[in-house]
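This report looks at the cysteines of one protein and then at one of its helices. Keep the structure in view while reading.

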Amino acid sequence: FRDMDNHKLQLEDDEPTDIIVWASKILKTANPEEKRDFTFRAANLWKAGLLSHNTACTPPDMPSRQDDLNVVHPREMKLGKGGTLESRIAILHSLANIEQWAIDLGWDIIARFGCNVFGKEETPLPREFFTDFIVLAEDEARHYDVLSKRLVELGSKFGNLPVHFGLWQSASDTNIHILARLAIVHMVHEARGLDVTPNTIKKFERAMDETTAALLRVIYEEEITHVTSGVRWFRHVANIEHPSEDVIELFHGFVHDYFHGNLKPPFNEDARIKAGFTPEWYEPLASDKD
């Protein structure tokens with residue numbers, strides 16, 4: 001969490017008192033700077049112990065976005081190889097767009113599944129689940145913040161270039177089952193980010209843009225912890241819902257059912273292992289789909 005004096009925190013009269021309601025509010029916030037600020041506020045209120053986590057609400061089918069964005073199909077995104085300033089701005093703009101969706105993905109799993117109960121004993125999700133995904137959302141908000149500010153430093157700003165909504169498709173496809181959501185969004189997609197980010201960092205290093213490279217290194221390290229959260233809570237829910245089944249085989253089944261396309265090597269095995277996402281989780285899937 002961001003450092004602050006939590007003893008001075010107080011809920012305002014018009015603020016939600018439950019983190020699940022905060023999550024839905026943030027999903028419905030179109031302005032990315034307001035989304036960032038609400039995320040920081042909700043995270044700090046949660047840390048201070050001022051919010052409950054038991055108020056059911058219906059999240060939007062899709063998070064709100066500003067009307068003036070130029071939305072294109074993911075295949076139409078032209079980023080280049082980072083050899084020119086124009087290309088590097090395009091890469092940063094694409095990353096900022098991804099981070100904005102990542103904020104929403106952190107809040108959506110809370111809003112959509114936070115009141116669910118699991119297994120024969122109808123076990124609710126523990127407070128630690130909420131903490132992990134609040135931390136994730138806060139990380140993503142900070143990532144969006146530093147990337148959008150870096151865009152301004154380079155003579156651009158977020159919204160100047162096209163964006164795509166492709167990342168939300170996986171959320172839509174997995175909006176009924178928490179295990180599917182954890183498997184596809186918080187394990188497969190997050191781990192893919194670990195695979196590709198080192199090469200993105202190298203592009204900025206080759207361009208002698210150490211400022212951006214340093215920002216991306218910090219983001220990369222924090223994204224490892226997000227995969228850890230995906231693995232942790234997939235195991236947790238799977239062990240309650242399917243106590244007699246092998247957790248990794250269950251993961252393979254959800255990936256086969258919900259993931260569109262191949263798991264593409266090369267894999268960043270070191271980072272994945274650091275996250276607790278060891279090769280037996282994903283290597284069989286890559287070979288199965290060759």
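## Two cysteines and a helix

Cys115 has a relative accessible area of 35%, so Cys115 counts as partly exposed. The model is a predicted one. Cys57 is also described as partly exposed, because its relative accessibility is 24%.

| Cysteine | Relative accessibility | Class |
|---|---|---|
| Cys57 | 24% | partly exposed |
| Cys115 | 35% | partly exposed |

How many disulfides does a search of the whole structure find? The search finds zero. Cys57 takes part in no disulfide, and the nearest cysteine sulfur to it, in Cys115, is 7.3 Å away. Why is there no bond from Cys115 to Cys57? A disulfide needs two cysteine sulfur atoms within 2.5 Å, and the sulfur of Cys115 lies 7.3 Å from that of Cys57, which is therefore too far for a bond.

The second topic is helix α2. Helix α2 runs over residues 32-47, which makes 16 residues. From its first C-alpha to its last, α2 reaches 22 Å, close to the expected 22 Å. At the start of α2, a side-chain oxygen of Asn31 comes to within 2.9 Å of the backbone nitrogen of Glu33. After α2 comes Gly49, with a positive phi near 75 degrees.

Which residues of α2 are buried? They are Pro32, Lys35, Arg36, Thr39, Phe40, Ala42, Ala43, Asn44, Leu45 and Trp46. The cover over the buried residues of α2 includes three helices: α1 (19-27), α3 (85-113) and α4 (127-153).

Note on methods:
Residues are numbered from 1 along each chain as its sequence is written. This is a predicted model: local features need pLDDT of at least 70, side-chain atom pairs count only at pLDDT 80 or more; totals for chains, interfaces and linings use all residues. Side-chain values use heavy atoms; hydrogens and water are left out. Buried means under 20% relative accessible area, exposed over 50%, partly exposed in between (1.4 Å probe, protein chains only). Helices (H or I, at least four residues) and strands (E, at least two) are DSSP runs, numbered from the N terminus. The expected span of a helix is 1.5 Å times one less than its number of residues. Contact means heavy atoms within 4.5 Å. A polar contact is a pair of N or O atoms within 3.5 Å; within protein, one must be able to donate a hydrogen and the other to accept it, and residues adjacent in sequence count only if both atoms are side-chain atoms.
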